[in-house]
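Here is a short briefing to read with the model open in your viewer. Have a look at the fold, then follow the notes below.

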Amino acid sequence: MMASTDSVKEFETNKFSLPVDAEHKATTFSVMSVAKPHMRAFHLSWLQFFACFLSTFAAPPLLPIICDSLNLTATDIGNAGIASVSGAVFARLVMGTACDLVGPRIASAALTLLTAPAVYLSATANSPTAFLLIRFFTGFSLATFVSTQFWMSSMFSPPVVGRANSIAAGWGNLGGGATQMIMPLLYTLILGMGATNFTAWRIAFFIPAVLQTLLAFAVLLFGQDMPDGNFQQLHNSGKKHKDNLSKVMYHGLANYRGWITALCYGYCFGVELTVDNIIAQYFFDRFNLKLHTAGIIAASFGLANIFARPGGGLVSDLLAKKFGMRGRLWGWWIIQTVGGVLCILLGLMNSLSGSIAVMFVFSVFVQAACGLAFGVVPFVSRRSLGVISGMTGAGGNVGAVLTQLIFFKGSQYTTERGITYMGIMIVACTLPISAIYFPQWGGMFCGPNPNTSENDYYMEEWDLKEQQEGHHLASLRFADSSKSERCRRQQSAHPNESLPSCVRLIYCR
């Protein structure tokens, strides 16, 4: 009987192209692979998020042209920028819960398709109000960030989940940098074909709209929610418990760590969103640059996501390998605080070359901090992963909204003064990371509770009846896998648990 059970387990794991753990999550990350389901989900998720980012920030690099066409004032521009990131606050909260209940594939593709019409309608904007509403509804698509992080956390094992999350999000965020170059280029090409200024920028919006639509269908047709299948299939077969919405929400909202990650993420990703909205206009106005030149400089901020955010995730995983969860927390705090100091310095620069240099280094640190943030988030809750991801993602948008409302709306502050004050906010709002404490692993300043294990922490989300019915088993397997978050000293103290039996790597033959 034992031999038969082992044969079944070996067959189940051998059907995957990558080595997997007991939950069938990949234990390696091969970015050049498109193997189904793990790496295919990775590429589909970041490409879809890239398209949504491209659409949401397609307007800022063309603002000097759009302003003349629609007679926009500085207040109109500020309000539209705020609108573009405020809509996603609610959308990200809903997206997290939707991922928990119906899976990331349907949840993300549905939102991408629902927001695509707003991108098409950008071509019809004829007033400041219409422009604001279009940017507001287009911005809802940024909630696909939450599904991206949920999807990666569902596909990759704890030792590599930090880099999977950060690379998927970082490459998706590239859309914010790429659009700074793509939209002015499209505008110039269309203008060269004989279109007028009035129509050229409108036609250009059809390109990101079509890309967003195509990738939504690609996710629906070729994606898979979990290593073992889609949510609906797993629910129907009884392999996955269909969870209770109220309990999922409760365990997410009642976990104070989720509120801290939301606040701190508001001043790494929220700052990135803010800079995406203001940076091209800032260089265009302050240094009297051409539109295309300002776009290229602004693009370098977002394009740092090629390596900066993935680098943050990799640093998080490497720190965890040596120092456990405490290493992840210290790394996040240090990198984000340095980013805040660099932001202060950027606002104080008076030369073009100095501003460009400081902006680029600042972009590396603030985007790396985003990667480090989501090296921590997957461990806050197993049952309410979607809710915690949604709260944290929404926190990023709240940070962007508040920052733009306070420092970049109207003429109360010059843009350079607003950037300096934004840096001070980053430093201050990063301090609460020190309050995050996992009893099984410790925090920045306090060690772990020797009487609390990973099982104890994750089983608190399930009552006795649910445990008797076996609904907690996925959390139990995750708890066993997450013992990799112990520091080396803890692992030395528990040598028999340093390599949990459920995390054996079984390779495809």
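What follows covers an internal cavity and a helix pair.

Please keep in mind that this is a predicted model. The structure holds 1 cavity of 30 Å³ or more, and the largest cavity has a volume of about 70 Å³. Helix H6 (128–139) helps to line that cavity, and the axes of H6 and helix H4 (residues 74–102) come within 6 Å.

**The cavity**

- Nine positions are worth selecting: Ser55, Thr56, Ala59, Ser122, Phe131, Ile134, Arg135, Thr138 and Phe205 line the largest cavity.
- Helix H2 (38–56) and H6 each supply at least two residues of this lining.
- H6 gives the largest share of the lining, with 4 residues.
- By residue class, the lining of the largest cavity divides into 4 nonpolar, 4 polar and 1 charged.

**The H4 and H6 pair**

- The axes of H4 and H6 cross at roughly 25°; angles under 35 degrees count as roughly parallel, and the two helices are therefore roughly parallel to each other.
- The crossing of H4 and H6 is right-handed.
- On the H4 side, the contact is made by Asp76, Asn79, Ala80, Gly81, Ala83, Ser84, Ser86, Gly87 and Ala88.
- On the H6 side, these meet Pro128, Phe131, Leu132, Arg135, Phe136 and Gly139.
- The residues of the contact of H4 with H6 divide into 7 nonpolar, 6 polar and 2 charged.

**Where the two topics meet**

- Phe131 and Arg135 line the largest cavity, and both also belong to the H6 side of the contact with H4.

Note on methods
Residues are numbered from 1 along each chain as its sequence is written. This is a predicted model: local features need pLDDT of at least 70, side-chain atom pairs count only at pLDDT 80 or more; totals for chains, interfaces and linings use all residues. Side-chain values use heavy atoms; hydrogens and water are left out. On a 1 Å grid over the protein atoms alone, a cavity is a set of points where a 1.4 Å probe fits but cannot get out, and a pocket is an open set with protein on both sides within 12 Å along at least five of seven lines; lining residues have an atom within 4 Å of a point. Grid points are joined across faces, edges and corners, and a volume is the space filled by probe spheres set on the points. Ala, Val, Leu, Ile, Met, Phe, Trp, Tyr, Cys and Pro count as nonpolar, Asp, Glu, Lys and Arg as charged, and the others, Gly among them, as polar. Axes are lines fitted to C-alpha atoms, for helices over the stretch in contact, and angles run from 0 to 180 degrees between N-to-C directions. Angles under 35 degrees count as roughly parallel, over 145 as roughly antiparallel, 65 to 115 as roughly perpendicular and the rest as oblique. A crossing is left-handed if the near helix is turned anticlockwise from the far one by less than a right angle, and right-handed if clockwise. Contact means heavy atoms within 4.5 Å.
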